[in-house]
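Open the model in your viewer and keep the selection panel at hand. This tour goes from one stop to the next.

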Amino acid sequence: MDATCIFCRIAAGEIPAKTVYRSDAVVAIEDLNPQAPVHLLVLPVAHFAGVSELSQTPGTEPVAAELLAVASQLGRERGEGRGFRIAINTGEHGGQTVGHLHLHVLAGRALGWPPG
Ligand code: 5GP
Ligand code: ZN
């Protein structure tokens with residue numbers, strides 16, 4: 001855990017968040033500043049700066065699979081059969097603002113494409 005990382009602290013329960021899923025390895029919370037009627041963040045409890053750091057770390061395949069499974073299940077449930085989007089913003093040009101891997105799950109309205 002990185003004590004300076006806001007999502008590490010949320011995963012550890014030190015900073016409150018509206019939690020919608022929790023296991024030993026993965027936490028899902030409501031985004032503080034939702035961009036759609038449904039806007040959830042699915043994150044690993046362990047600190048990875050981004051998707052590359054996770055995928056380049058041997059042995060993390062089960063965490064990667066759980067992140068995707070939880071995000072898609074929440075998208076299916078909350079999207080009420082009308083679809084959803086999973087996004088992983090990465091780095092400066094990818095629009096990443098928090099340096100702890102997280103999957104956005106967006107649903108509840110028609111989402112534009114391409115993104116801005
Ligand atoms: P990024 O821009 O890195 O892809 O996404 C970061 C997301 O985290 C943003 O959508 C932002 O609203 C959300 N966020 C930032 N700080 C907090 C927080 O303290 N609590 C929660 N629940 N969401 C946060
Ligand atoms: Zn962290």
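The stops below start at the ligand and end at a loop; the model is predicted.

**Stop 1: the ligand.** Select ligand 1. It sits in the largest pocket. Now show the residues around ligand 1. There are 17 of them, and E30, D31, N89, T97 and H104 come nearest.

**Stop 2: the polar contacts.** Zoom in on D31. An N or O atom in the D31 side chain is 2.5 Å from an oxygen atom of ligand 1. Move on to H104. Its side chain places an N or O atom 2.7 Å from an oxygen atom of ligand 1. Then pick L32 and show its backbone. Here a backbone N or O atom lies 3.3 Å from a nitrogen atom of ligand 1. Switch on the surface next. On its own, ligand 1 has 520 Å² of accessible area, and the protein covers 83% of that.

**Stop 3: the shell by element.** Color α1 (6–11), β2 (26–30) and β3 (38–44). Each of these supplies at least two residues of the shell around ligand 1. Which element gives the largest share of the shell? That is α1, with 3 residues.

**Stop 4: the shell by class.** Recolor the shell by residue class. Expect 7 nonpolar, 8 polar and 2 charged residues around ligand 1.

**Stop 5: the loop.** Leave the ligand and select A17. This residue is in the loop between α1 and β1 (19–22). Is A17 buried or exposed? A17 counts as partly exposed because its relative accessible area is 34%, between the 20% and 50% cut-offs. Last, add A71. The two residues are 54 apart along the chain, and the C-alpha atoms of A17 and A71 are separated by 17 Å.

Note on methods
Residues numbered from 1 in each chain as written. Chains lettered and ligands numbered in written order. Predicted model: local features only at pLDDT ≥ 70, side-chain atom pairs only at ≥ 80, totals over all residues. Heavy atoms only, no water. Near = heavy atom within 4 Å. Polar contact = N/O pair within 3.5 Å; in protein donor to acceptor, adjacent residues only side chain to side chain. Areas by Shrake-Rupley, 256 points an atom, 1.4 Å probe, with all protein chains shown as cover. 1 Å grid on protein atoms, 1.4 Å probe; cavity = no way out; pocket = protein on both sides within 12 Å on 5 of 7 lines; lining within 4 Å. Sits in = over half its atoms within 2 Å of the grid points. Helix = DSSP H or I, 4+ residues; strand = E, 2+ residues; numbered from the N terminus. Nonpolar A, V, L, I, M, F, W, Y, C, P; charged D, E, K, R; others polar. Buried < 20%, exposed > 50% of the residue type's maximum accessible area, 1.4 Å probe, protein only.
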